[in-house]
Amino acid sequence: MYKHLNSSLAVLLAGFALLTQHLVQSKLVFAHYLVGTVDPSTDHAKQDIDQAISVGFDAFALNVGAPDADWAKSTLQQLFDYARGKEFKLFFSFDFYANGDLSAHEKLYQAFKDQDAYLKYGAANLPVVSSYSGGAIGADAWRSFKNANNVYLLPNPEAAENYYSQPASFFQAWGDVVDGVFSWETAWPDAADAPTNVSSARDKDVKAAADAAGKTYMMGLSSLQYKHCCGDSWYRTGETNLPERMTQILAVQPEFTEVITWNDAGESHYIGPCWAEGLTEEILQYGNSDTNPHAGWQPLVSSFITAFKGGAKDAGAMVPPAGGAFAGAMWYRPVTKSCGGDVPRGSGAARDAVNYAVVLPAGSAGMQVRVSSGGRELATLPAQAGLNYGSVAGMVTGAQKLELLGSGGNVVASASSAVDVSDAPTNGFCNYNYYVVGLK
Ligand SMILES: *[C@@H]1O[C@H](CO)[C@@H](O)[C@H](O)[C@H]1NC(C)=O
């Protein structure tokens, strides 16, 4: 058939194929997925993938911390089986914090790399491998892994020498090892004793050095970090971290964004379901997606994904998903700061505030958001086309509410708390995991 094509048309088509490949491959958004026990007699793997597709994700980064465990292999097989033939991919993110043995991760990778749904990327269309931590194993270990397996390597080597302080020197040492790099810790401010905002300063530096070295860059997008298990408890704010980080990612324009996370109940930054069969009672006391779902954040993430993949540099260009009239959510901590006793490290950064983000279509005019707490109005604020967000101080115990008002002051949509804010501990501790309520 080919010889019947007029040659200039063939050249044009080939050029177009390259161009579209470049465009399609230029921006991807992943969700970090903690591989835990998923009961194979349920449809949980299907629900995870169906929901992630509807939010607009390209793939799950499969965080494996127990590469030898049978339950991990079972969960992986369920995910790969269901993803087969779909416009949704999977790839490994070796968790070196949980298991530092690269050869154990490598063995698991080799067992799954040929699955139909394994994500491939780049000019050579290589299987993608990422990681959580892994800088400490050093460039040589990663280099032998890459040479032996011919992967597109996108690890999280931020613990390696010079990564943040002299990123150009980092890329000199690691340039023949990585195809791109992923910064994890920049997704939140550190645990602090006073309110603090997330910063993209280090992302900008690493991105500039990555560009100069011809490498790609991946930024993390997350809501908060609150952990109250496993012998520790800390809080990394929080409040407007999620929408603030969206604006930063759109401005920095990395090649990839990874939402941290899809289902990490233990650190409270999940946006999807967290299956109880894989979680401990200790975690389910606060990180429980049945009693404390975070799916209300999904429409905001969808809106971000569309803007990011479309090349928007400004959150003012975000639009509600599916041509909707609005998208948004309200979120609040279950306790005020007067909840005493067992509070996390970093609790000083928390504010008694009701947080919201609302996305409105282009051309919106005269809209407002009204935020109420304990039955009293805290503030009414203007809302424009694109992403609006805020952290409205003055949250008190009782019910919390967000309303979207039209230009005539009419209530267009609202989000009302299902669980009241309290000032006392539950189960002996003050729970800092947000309740999230979608705007309807
Ligand atoms: C910084 O965080 C506070 C809440 O802690 C929020 O009100 C403010 O909007 C944030 N600043 C930016 C630029 O997002």
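Two salt bridges turn up across the interface of domain 1 and domain 2. Keep in mind that this is a predicted model. One pairing to look at is Asp232 with Arg345, a salt bridge whose closest N and O atoms are 2.9 Å apart. The ligand belongs to this story too: domain 1 and domain 2 both give residues to the shell around it, so the ligand lies between them.

**How the protein is split**

- The division gives you domain 1, covering 26–315, and domain 2, covering 321–438.
- On the contact between them, domain 1 puts in 37 residues and domain 2 puts in 34 residues.
- Going by C-alpha atoms, the centres of domain 1 and domain 2 sit 27 Å apart.

**What the domain interface is made of**

- Together, domain 1 and domain 2 bury about 2,900 Å² between them, and carbon and sulfur atoms account for 60% of that.
- On the domain 1 side, the names to remember are Tyr235, Glu239 and Leu300: they supply 23% of the area this domain buries against domain 2, more than any other three residues.
- Polar contacts also show up here, with 19 residue pairs found across the interface of domain 1 and domain 2, counting pairs with both residues at pLDDT 80 or more.
- Glu239 deserves a second mention, since this residue is one of the top three contributors on the domain 1 side and is also listed among the residues around the ligand.

**Who surrounds the ligand**

- The shell consists of Asn197, Glu239, Thr240, Glu244, Arg351, Tyr389 and Ser391.
- Sorted by character, that shell comes out as one nonpolar, three polar and three charged residues.
- Why does the ligand count as lying between the domains? Its shell draws residues from domain 1 (26–315) and from domain 2 (321–438), so the ligand ends up between the two.

**Polar atoms facing the ligand**

- Asn197 has a polar side-chain atom 2.5 Å from an oxygen atom of the ligand.
- For Tyr389, an N or O atom in the side chain is 2.6 Å from a ligand oxygen atom.
- Glu244 also has a polar side-chain atom by a ligand oxygen, with 3.3 Å between the two.
- As for cover, the ligand taken alone exposes 360 Å², and the protein buries 64% of that.

Technical notes:
Residues numbered from 1 in each chain as written. Predicted model: local features only at pLDDT ≥ 70, side-chain atom pairs only at ≥ 80, totals over all residues. Heavy atoms only, no water. Near = heavy atom within 4 Å. Polar contact = N/O pair within 3.5 Å; in protein donor to acceptor, adjacent residues only side chain to side chain. Areas by Shrake-Rupley, 256 points an atom, 1.4 Å probe, with all protein chains shown as cover. Nonpolar A, V, L, I, M, F, W, Y, C, P; charged D, E, K, R; others polar. Domains from an automatic or database assignment. Contact = heavy atoms within 4.5 Å. Buried area = accessible area lost by both parts, 1.4 Å probe. Salt bridge = Lys/Arg side-chain N within 4 Å of Asp/Glu carboxyl O.
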